[in-house]
Structures are given as C-alpha cells and as structure tokens.
Amino acid sequence: MKVVSIAYSNVADSIVKDKEFSPKGKVLKKIERQGKVLLFEFEDELTSISGLGMSGGWRVSSEKIKEKHTHVQIKGLKENGEIIFLAYVDPRRFGNLHHLKKESKLKWLTRLGADVSKPEFTVEYIIDRCKRYPNKEIKPFLLEQNHFAGVGNYMASEMCAHAGILPNRKAGSLTKAECRKLKKATDLVLAGTVNSGGTTFSGGYKDTTGSQGEGVKNLVVFYQQICRLCERTKVLKTTLKGRGTYHCPRCQK
Ligand SMILES: [Zn+2]
C-alpha cells in the first residue's frame, strides 16, 4: 500500500506529543504494528508512532470520517487514484501520536524494549515476545532494541549458543524451557562482559587499547574456530539480516 497524504488535520493537540514533521504531502509507505503501537512509515525515514491508550483506534474509510472524538485525520491518495481517509478516534484521549524523524523514532522505540540487564527482563517477558512475534528469527530478533534493549551482535550469537538454540529458529518455535535457557544465557553473557576487559568492540574484536579484551576469551562461538562449549565442533558463520552470526551445529538445535 502506498498512499500520498494530501491533507492532514489535527484537532486535539493533546494527542500529538511530538511534531518533528507534518505528514502532509508525504508518501505513506506502510503501517506496521509493533507491540502496543502502530508505526506509520512515511518516505524520508519519517515515522508517526501511534499509541492507542485504552480507548483509541484508527478508522479507515473511503469517505471523510465524522465519528465523534476524531482527533487526527489524514486524507490520502492511493496508487490506484482512490481517495482514502485514516482517522484516529479516541473518546478518552489517552492515546498519543508522535511524528518523528529517524533518530528520535529509534530512541522512542528503544524505550519500549526491556533492558536485558535489568530485572524487567524476565523469562515471562521472553515467552511473551516470542509468542507475539512467532515468525521472527531469534538471533536477529534479539538485536531489535525495541524488544531486547542492550543486546549487541556478538551477544546475540553467544546467547543463542549458551541456550542451545539455532540462530535462525523462529521465535514461535521456542519452548518455555528454551526461553528459560535464553534468560540464563543472557545473564551468563552479561556477567562475562562485566567481569572482563571489554567486549564492546567496534569494528575489530579488540578493546580500546588495541589488545584483545578479556571478554573475547569468554566467547564460545562468536569469532571462534572451534566451539568452546563442546570443544570439538567447527563453528559455522552465517549471515542473518545482514549481520555476521556464529553457531555450533552440535550444541545448538
Ligand atoms: Zn559446540
């Protein structure tokens, strides 16, 4: 669906919290749901994030929406020439709308994910995310900061290794026991990071002094030739969603 927004009206300023751009005149490329919010992806990496609160909802119609409590309305032109109206209706005004540029959007979404180093990151949280996003491959999924804040690329491979889960497994296929293992694995990997010289490498896999940080020694698959868990199997390197991914075909199912 591609829609050019030809008119934008906003009746209730209390709903629109951020206005880094106006949707008017922009091409709406897609609408996605992410957790509790809807993302309206416009051209130029502009996004309107809509939190529905308790009573809000979007209406789509070929005619102007005149429902009571309509706060925001976008009139658009579809590719086939049809006119379409998108309207936000919210009787109790608990919802919120943020028109954000890329950087602010990422910051905003990051806030939604549980920080994996904090108590909010629980087994139940992992189970819930996997249930909500069953088709996502687990390793790239772990890198989505809006779901798992604080997970870096090496960490995601390591977490899967310690949990015995293949990186390309669909989130929905993980059992509860595996989600528990993933939580344990996360704590283990985090502990390794905290106690060591630096696994926060940028570019190469060295710390800021140029030497290999202690963290590298704790890695079991990432950047390893042989899996350090079973000590005998060759680590396989693959690419998932554009990121280098390491796993042990023996230890991970
Ligand atoms: Zn192994």
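What percentage of the 253 residues of the protein count as buried? In this predicted model, in which local features need pLDDT of at least 70, side-chain atom pairs count only at pLDDT 80 or more, and totals for chains, interfaces and linings use all residues, the share that counts as buried is 33%, a residue being buried if 20 or more other C-beta atoms, placed from the backbone, lie within 10 Å of its own, exposed if 12 or fewer, and partly exposed in between. Residues are numbered from 1 along each chain as its sequence is written.

The protein has 6 helices and 13 strands, these being DSSP runs numbered from the N terminus (helices H or I, at least four residues; strands E, at least two). In helix H2, residues 123-132, the buried residues include Ile 126, Arg 129 and Cys 130. Because the buried residues of H2 fall within an arc of 100° when seen down its axis, they line one face of the helix, the arc being that of the directions from the helix axis to the C-beta atoms. Glu 124 and Lys 131 are exposed on the face of H2 turned away from its buried side.

The largest nonpolar core (buried Ala, Val, Leu, Ile, Met, Phe, Trp, Tyr and Cys residues joined through C-beta atoms within 7 Å) has 33 residues, and those with the most contacts inside it include Ile 138, Cys 160, Ile 165 and Leu 182. Two or more residues come to this core from each of H2, H3 (138-142), H4 (153-163) and H5 (176-194), and H4 gives the most, with 7 residues. Apart from this core lies another, of 7 residues, among them Ile 15, Val 72, Leu 86 and Tyr 88.
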